[in-house]
Amino acid sequence: MATTAQLFEEPFDADEYIERLAWRTPGGGSKGGAEAFDPKRLLEEFENHIEELKQLDEKIQRRVEKLEHQCHREAKEFAHKVQDLQRSNQVAFQHFQELDEHISYVATKVCHLGDQLEGVNTPRQRAVEAQRLMTYFNEFLDGDLRSDVFNNPDKIKEAADIIQKLHLIAQELPFDRFADVKAKIASKYHDLERQLIQEFTAAQRRGEIGRMREVAAVLLHFKGYAHCVDVYIKQCQEGAYMRNDVFEDTAVLCQRVNKQVGEVFSSPETVMAKLIQNIFENKLQAHVKEKLDETRHSDVEQYLKNLYDLYTRTTTLATKLTEFNLGSDKHTFLSKLIKSIFSSYLESYIDMEREYLRTRGAMILQRYYDSKNHQKRPIGTGSIQELKERIRQRTNLPLGPSIDTHGETFLSPELVVNLLQETRHAFERCHKLSDPSDLPKNAFSIFLLLVEHLCVEHIDYALEIGLSAIPSSDAKNANLYFLDVVQQANSIFHLFDKQFNDQLMPLISSSPKLAECLHKKKEVIEQMEVKLDTGIDRTLNCMVGQMKHILATEQKKTDFRPEDENNVMIQYTTACSKVCAYVSRQVEHVRKSMDGKNVDTVLTELGVRFHRLIHEHLQQYSYSSMGGMLAICDVAEYRRCAKDFRVPLVLQLFDTLHALCNLLVVAPDNLKQVCSGEQLTNLDRNLLHAFVQLRVDYRSARLGRHFS
C-alpha cells in the first residue's frame with residue numbers, strides 16, 4: 001500500500017488503518033484460514049511500512065520548515081510596508097491640517113467680506129424699497145394709480161404686499177395733512193382684502209388647495225385674516241349636516257377638514273380649534289337645546305334619558321377630537337366647550353333626578369298595591385310603636401288584630417326589578433353627569449331613595465303585614481305564610497346588595513360617604529333581621545302549637561294503657577303519624593324558604609322545640625308494658641322524622657328520648673343497669689325517676705327504691 005499524506009487526513013482511525021494494512025498483506029489477514037497466516041511476512045511488511053512512514057515524516061517536516069521560513073520572510077516584508085504606509089499617512093495628515101487651516105482662513109475672510117457686502121447692500125435694498133414705496137405713495141397722493149401692479153389682476157399678490165406696507169406707513173402720518181391720502185390707501189387696502197377673500201372663497205369651492213394656501217399666506221398680514229378663517233369655517237360646514245346624527249356628521253367633518261387645514265394655513269391648530277368651537281357653540285348647542293327643552297317640563301324621564309345620551313355622545317365626540325392638533329391644552333379647551341353647552345342643565349340635574357326617582361318609585365309601589373286591591377296600612381311611628389315593638393320582641397305576643405292575607409306576601413319580584421332598574425339608570429346618569437366633587441354626595445342621595453322605596457316602603461311593610469298575619473300559637477289549622485315572606489325578602493335583599501356592590505360602591509369607594517352608606521345599609525339589615533327573627537320565632541311557636549293541637553285531639557290515654565295488652569296491632573299511634581307528617585311538611589317549607597346557615601339555625605330551633613313538646617307530652621300519660629312499647633315505637637318514628645332535619649343536635653335529643661322511653665318497659669331488676677347505660681348515665685337522676693314514675697307498676701314493683 002503506497003504511503004501518502006492523504007491517508008492521514010481527518011477523520012483518521014489508527015485501528016482501521018492497521019487492519020487495512022494487514023488485510024492487504026498476503027498471509028497477514030484471515031483469508032485462507034489459520035494455515036495461510038504468515039506472521040513473519042506480516043512483521044516484515046509492518047517494518048517496511050514503518051520505514052516508509054519515517055521517510056514521509058522527514059519529507060513533510062522539511063516542507064513545514066520551508067513554509068515557516070517563507071512565512072517569516074513575508075511577515076518582515078509586510079511589516080516594512082506597513083511602516084512605509086504609516087509614514088506616508090503621517091505626512092498626508094500634516095498636509096491635510098495645513099490645508100484645513102488655510103481653508104478656515106479663507107472662509108473667515110469670505111465671511112468678513114460677506115458681512116461687509118451685506119452691510120453695504122442692506123441699506124441699499126432698504127433705500128430701493130423706500131424709493132419704490134415713495135413712488136407708489138406719490139401715486140396715491142396724486143390720486144392717479146398708474147402702476148401696472150395696481151391695475152393688473154394677475155399681480156394682486158404683489159399689490160397686496162405693497163398696500164399692506166403703505167397702510168402701516170400711513171398710520172404713522174399726521175391726520176390733518178395726509179387725511180386724503182390715508183383714506184385712499186385704506187380704501188385700496190380694504191378693496192384688496194375683499195378681493196383676496198373672494199379669491200380664497202372661489203378657490204375653496206373649486207378645491208384648489210395650492211391657490212388657497214397662496215392667498216391665505218398673503219392675507220396672513222392683513223386684518224381680514226380672521227375673516228378669511230371664518231369664511232373657510234362657514235363654507236366647510238355647508239352640506240356637512242345632511243343626516244340626522246349631528247355628532248357623527250361633526251366627527252366626519254373634522255376628520256376631513258383636519259387633513260386640509262395643514263395644507264392651507266400656517267397655524268392649522270388655531271383654525272381647527274376655531275372650527276370646533278364654532279360647531280359646539282352653534283350646531284351642537286342648538287341641537288342640545290332643542291332636544292332638552294321640549295321634554296324638560298313635560299316628560300322628566302325622557303328629559304333625563306336625553307340629557308344622559310346627549311352628554312355621553314358629546315364627551316365621546318370630544319374624545320375623538322383630541323386626536324387632532326388643537327393647541328397645547330386641548331383637553332381643557334374641549335372641557336370648557338362641553339361645560340358651556342350643558343352647565344345650565346347639569347346644575348339642576350340631581351334635583352330633577354331625585355324628584356323623578358321619588359315620584360317614579362311611589363308610582364311603581366302604588367301601581368302594585370292597586371293591582372292587589374290593597375290599601376296600604378299606615379305603619380305607626382313614635383314612642384307607642386317603639387313600645388309595641390319592644391313588647392313583641394320580648395314576648396312574641398301578637399299586638400293588634402291578626403290580618404288574613406290569604407297567602408299574599410305583598411312582595412313582588414317584578415316591582416323590585418323595576419325599582420332596581422330605575423336606580424341603576426340613575427346611578428349611571430349620576431356617574432356621567434355629576435361633577436367629580438359632588439358624585440359621592442349625589443350617589444348617596446340616590447341610595448337613600450332606593451332604601452326608602454325598596455327597603456322601607458316595600459320589604460319592611462311586607463314584613464309588618466306578615467307579622468300581623470301570623471296567627472296566635474293556639475290557633476287551629478293556621479296557614480303559615482311568613483316563611484314565604486322570608487324567602488322572598490331574602491331574594492330581594494340579595495338583589496339589593498348586588499346593586500349596592502356593583503353600582504354604588506365604585507362611585508363612593510374613595511370618599512367619606514362610604515362610611516355613611518355602609519352604616520345605613522347595616523342599619524337597614526339590622527332592622528329587617530329583627531323583624532325576620534321575630535316573625536320566624538312566632539311562626540315556630542305556631543308550628544309547635546299546631547303539633548300540640550294534633551296531639552291533644554288525636555292522642556288518647558288508652559293508647560298507652562290498652563285494654564287488651566295482647567291485641568295491639570299498630571306500629572305507632574295516629575297522633576304520632578299526623579304530627580310526623582305535619583313536621584315533615586314544615587321542614588321542607590323551611591328548607592325552601594331559607595338559605596345558607598339560616599336553614600340549620602331555624603331547623604335546630606324547630607327541632608329543639610319539637611323535642612321539648614314530645615318530651616312534655618309523653619310525661620302526661622302512664623304506661624303499661626305494651627303501652628311503653630308503643631311509646632317507644634312512637635319515639636322511634638319521631639326520631640326518624642328528626643333525621644329529616646339533618647341537624648346532629650336534634651337527632652341526639654331524640655336518641656336520648658328514645659333511651660328514656662326504654663325505662664318504661666325494662667324489667668324492674670334491670671332498671672338500675674339501664675339507668676347507668678351510656679346514653680342515660682349523664683342525665684339528671686330526677687329526670688330518670690320522673691320517667692320511671694310513669695309506669696303503672698311503679699308502686700307495685702317498688703321501683704322508687706332504685707332512686708332513693
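**Group meeting: an all-helix predicted model**

Among contacts in the protein between residues at least 6 apart in sequence, 75% join residues at least 24 apart. Keep in mind throughout that this is a predicted model.

Some overall figures. The secondary structure comes to 23 helices and 0 strands. The protein has 708 residues, and buried residues make up 38% of them. Its accessible surface is about 41700 Å², and carbon and sulfur atoms account for 51% of that.

I will take two helix pairs, then a buried contact, then two loop residues.

The first pair is helix 9, residues 268–293, with helix 11, residues 330–347. Their axes are 10 Å apart, and the packing angle is about 20°. Angles under 35 degrees count as roughly parallel, so helix 9 is roughly parallel to helix 11. The crossing of helix 9 past helix 11 is right-handed. On the helix 9 side, the contact is made by Ala273, Ile276, Gln277, Phe280, Glu281, Leu284, Gln285, Val288, Lys289, Leu292 and Asp293. Helix 11 contributes Phe333, Leu334, Leu337, Ile338, Ser340, Ile341, Phe342 and Tyr345. By class, that contact divides into 13 nonpolar, 3 polar and 3 charged residues.

The second pair is helix 20, residues 625–643, and helix 21, residues 648–661. Here the angle is about 175°, with the axes 9 Å apart. The cut-off for roughly antiparallel is over 145 degrees, and helix 20 and helix 21 are therefore roughly antiparallel to each other. From helix 20, the residues in contact are Ile632, Val635, Ala636, Tyr638, Arg639, Ala642 and Lys643. They meet Val650, Leu651, Phe654, Asp655, Leu657, His658 and Cys661 of helix 21. This contact has 10 nonpolar residues, 1 polar and 3 charged.

Staying with that pair for a moment, Arg646 is in the loop between helix 20 and helix 21. Is Arg646 buried or exposed? Its relative accessibility is 63%, so Arg646 counts as exposed. Its phi is near 55°, a positive value in a residue other than glycine. For context, most residues other than glycine have a negative phi.

Phe410 also has a positive phi, near 60°. Phe410 lies in the loop between helix 13, residues 383–395, and helix 14, residues 413–433. Phe410 has 7% relative accessibility and so counts as buried. If you are checking backbone geometry in the model, those are the two loop residues I have to show, Phe410 and Arg646.

Now the buried contact. Thr539 sits in helix 17, residues 513–554. With a relative accessibility of 1%, Thr539 counts as buried. What does Thr539 contact, leaving aside its neighbours within four places in sequence? The partners are Ile470, Leu480, Phe482 and Leu483.

Take Leu480 from that list. Leu480 is found in the loop between helix 15, residues 439–469, and helix 16, residues 482–508. Although a loop residue, Leu480 is buried, with a relative accessible area of 13%. Again leaving aside neighbours within four places in sequence, Leu480 is in contact with Pro471, Thr539, Cys542, Met543, Tyr582, Gln586 and His589. One of those partners, Cys542, is 62 residues away from Leu480 along the chain, yet their C-alpha atoms are separated by 7.9 Å.

To recap the two pairs: helix 9 is roughly parallel to helix 11, whereas helix 20 and helix 21 are roughly antiparallel. That is what I have for today.

Terms used: Residues are numbered from 1 along each chain as its sequence is written. This is a predicted model: local features need pLDDT of at least 70, side-chain atom pairs count only at pLDDT 80 or more; totals for chains, interfaces and linings use all residues. Side-chain values use heavy atoms; hydrogens and water are left out. Axes are lines fitted to C-alpha atoms, for helices over the stretch in contact, and angles run from 0 to 180 degrees between N-to-C directions. Helices (H or I, at least four residues) and strands (E, at least two) are DSSP runs, numbered from the N terminus. Angles under 35 degrees count as roughly parallel, over 145 as roughly antiparallel, 65 to 115 as roughly perpendicular and the rest as oblique. A crossing is left-handed if the near helix is turned anticlockwise from the far one by less than a right angle, and right-handed if clockwise. Contact means heavy atoms within 4.5 Å. Ala, Val, Leu, Ile, Met, Phe, Trp, Tyr, Cys and Pro count as nonpolar, Asp, Glu, Lys and Arg as charged, and the others, Gly among them, as polar. Buried means under 20% relative accessible area, exposed over 50%, partly exposed in between (1.4 Å probe, protein chains only). Accessible areas come from the Shrake-Rupley method with a 1.4 Å probe; for residues, only the protein chains shown count as cover.
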